[in-house]
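I opened this notebook to record what I looked up in one structure. The entries follow the order in which I consulted it.

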Amino acid sequence: MISVQQHDFDVGDQYRRLCQQAGDAGAVVFFVGRVRGGDGAVQALELEHYPGMCERQLQGFVDEARRRWDCRAVRLVHRVGRLAAGEQIVFVAVATRHRAEAFEAAHFLIDQLKTRAPFWKKEHGPDGARWLDAAADDVRAAGRWYADAVAL
């Protein structure tokens, strides 16, 4: 299940729905991302996307995770719009038979969201607003999933 939405999500509800779909999965891993900024440096984060294209790209990430690991269920919720510091942005959950697969698949999906997902992010702070690119550390981290790929 993939959802790109403006409204907030309930973590407990998302977990229950994942478990209903998980069958004989013995492991569930989930991640909740929130807008940073308790220190006042970030007041809000504005996220834009291209409807339709974005969901297809996210489905591609989920399909790839399913090819790599025995995922019994996956839930991915990503919010768009203007979000204040502390608000939830993303929910990624994976159910597999064993814990190592669940951690790996969830980590893979998070890395894809941080570096390859077609979201445009604008950070609002006390000094104004600025568009964000994927952080170099995130790009390096995501590269590990394709370490064996041939550079073109």
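**Entry 1: strand pairing.** I began with the pairing of β4 and β6, which are joined by seven bridges and run antiparallel. The model I am reading is a predicted one. Within this pair, I found H78 opposite V90 of β6. I then looked up strand β1 (residues 2–5), which runs parallel to β4 and is joined to it by four bridges. There, S3 stands opposite V77 of β4.

**Entry 2: burial of β4.** I asked how many of the nine residues of β4 are buried. The count is eight, so β4 is largely enclosed by the rest of the structure.

**Entry 3: H78.** I located H78 in strand β4, which covers residues 71–79. Its relative accessibility is 3%; because buried means under 20%, H78 counts as buried. Leaving out residues up to four places away in sequence, I listed the contacts of H78 as S3, V4, Q5, L47, I89, V90, L113 and F119.

**Entry 4: helix α3.** I checked the length of helix α3, which has 17 residues (99–115). At 1.5 Å a residue the helix should span 24 Å, and its end C-alpha atoms are 24 Å apart, so the two values agree. I noted the buried residues of α3 as A102, A105, A106, F108, L109, I110, D111, Q112 and L113. I next asked what covers the buried residues of α3. The cover includes the strands β2 (27–34), β4, β6 (88–96) and β7 (119–125), together with the helices α2 (53–68) and α4 (136–143).

**Entry 5: A102.** I singled out A102, which has its place in helix α3. Its relative accessible area is 0%, and A102 is therefore buried. Apart from neighbours within four places in sequence, A102 is in contact with A27, V29, V94 and T96. I also looked up its separation from W69: the two are 33 residues apart in sequence and 8.1 Å apart in space, C-alpha to C-alpha.

**Entry 6: the largest pocket.** I recorded a volume of about 780 Å³ for the largest pocket. Its lining comprises 29 residues, of which R36, K114, K121, L132 and D138 are the closest to its centre. I sorted the lining by class and obtained 17 nonpolar, three polar and nine charged residues. Which elements each supply at least two residues of this lining? I found β2, β3 (44–49), β6, α3, β7 and β8 (128–132).

Notes
Residues numbered from 1 in each chain as written. Predicted model: local features only at pLDDT ≥ 70, side-chain atom pairs only at ≥ 80, totals over all residues. Heavy atoms only, no water. Buried < 20%, exposed > 50% of the residue type's maximum accessible area, 1.4 Å probe, protein only. Contact = heavy atoms within 4.5 Å. Expected span 1.5 Å × (residues − 1). 1 Å grid on protein atoms, 1.4 Å probe; cavity = no way out; pocket = protein on both sides within 12 Å on 5 of 7 lines; lining within 4 Å. Points joined across faces, edges and corners; volume = space filled by probe spheres on them. Nonpolar A, V, L, I, M, F, W, Y, C, P; charged D, E, K, R; others polar. Pairing = 2+ DSSP bridges.
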